[in-house]
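This report goes through one protein chain, from its overall make-up to a helix, a helix pair and a loop residue. Please keep the sequence and the structure in view while reading.

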Amino acid sequence: MRIRQLLQGLGLHPGHELLLMHLWDAGPQRQTDLAAAFDTDSASMSRTVQRLERAGFVRRRPDPNDGRVALVESTPAGLALRDRIERLWTELEDDTVGELSPAQQRELLRGLQSLETSLSNAITADTALAPPTVGADHEPGPG
């Protein structure tokens, strides 16, 4: 896919740019907060942060308010990617919706937001209705 090729040219994998963009906007973050913001598990976020750290785009530093916790922040090398990543996203936006009028773009966005809300509600309802899972080493609970 085109996004993968464009990101690889910057030394990134898909999704890495989103994490960098989040750090640029929100500042240093706890890894657990990043995992929550991106709706992923801590192991996946840890792998992503490690990749970006090895590439020199982020670093971890102790939280001045809690020495047991590390904050993830963009490095100057990560920040140097900002203009290129923003141009990349602008180019992708032009490729996907550039021929739509502003009114059509707003309508599409409203439709996608409605779809997202419906899917989220369906997942929440399915989770609430699902029977509890029982592991091999656990007895079923009262029900």
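## Overall make-up

Among contacts in the chain between residues at least 6 apart in sequence, what percentage join residues at least 24 apart? In this predicted model, the share of such contacts that join residues at least 24 apart in sequence is 50%.

The chain contains 7 helices and 3 strands, and, read from the N terminus, its elements follow the order α-α-β-α-α-β-β-α-α-α. The chain has 143 residues, of which 24% count as buried.

## Helix α6 and its buried face

Helix α6 covers residues 82-97, and for these 16 residues a rise of 1.5 Å a residue predicts a span of 22 Å, which agrees with the 22 Å that separates the end C-alpha atoms. The buried residues of this helix are I85, L88, L92 and V97. Viewed down the axis of α6, these buried residues fall within an arc of 135 degrees, and they therefore line one face of the helix.

The partners against which the buried residues of α6 pack are α1 (2-8), α2 (16-26) and α7 (102-129). On the other side of α6, by contrast, D83 and R87 are exposed.

## The pairing of α2 and α4

Two packed helices are described by the angle between their axes and by the distance between those axes. For α2 and helix α4, the latter formed by residues 42-54, the packing angle is about 85 degrees and the axes lie 11 Å apart. Because angles of 65 to 115 degrees count as roughly perpendicular, α2 is described as roughly perpendicular to α4.

On the α2 side the contact is made by H16, L19 and L20, while α4 contributes M45, T48, V49, R51 and L52. Sorted by class, the contact of α2 with α4 comprises 5 nonpolar, 2 polar and 1 charged residues.

## A loop residue with positive phi

Where in the chain is D39 placed? D39 is in the loop between α3 (31-37) and α4, and D39 is exposed, since its relative accessible area is 74%, a value to be set against the cut-off of over 50% for exposed residues.

The backbone of D39 also deserves attention. Most residues other than glycine have a negative phi, whereas phi of D39 is near 50 degrees, a positive value in a residue other than glycine.

Methods
Residues numbered from 1 in each chain as written. Predicted model: local features only at pLDDT ≥ 70, side-chain atom pairs only at ≥ 80, totals over all residues. Heavy atoms only, no water. Helix = DSSP H or I, 4+ residues; strand = E, 2+ residues; numbered from the N terminus. Expected span 1.5 Å × (residues − 1). Buried < 20%, exposed > 50% of the residue type's maximum accessible area, 1.4 Å probe, protein only. Arc of directions from axis to C-beta. Contact = heavy atoms within 4.5 Å. Axes fitted to C-alpha atoms, helices over the stretch in contact; angles between N-to-C directions. Parallel < 35°, antiparallel > 145°, perpendicular 65-115°, else oblique. Nonpolar A, V, L, I, M, F, W, Y, C, P; charged D, E, K, R; others polar.
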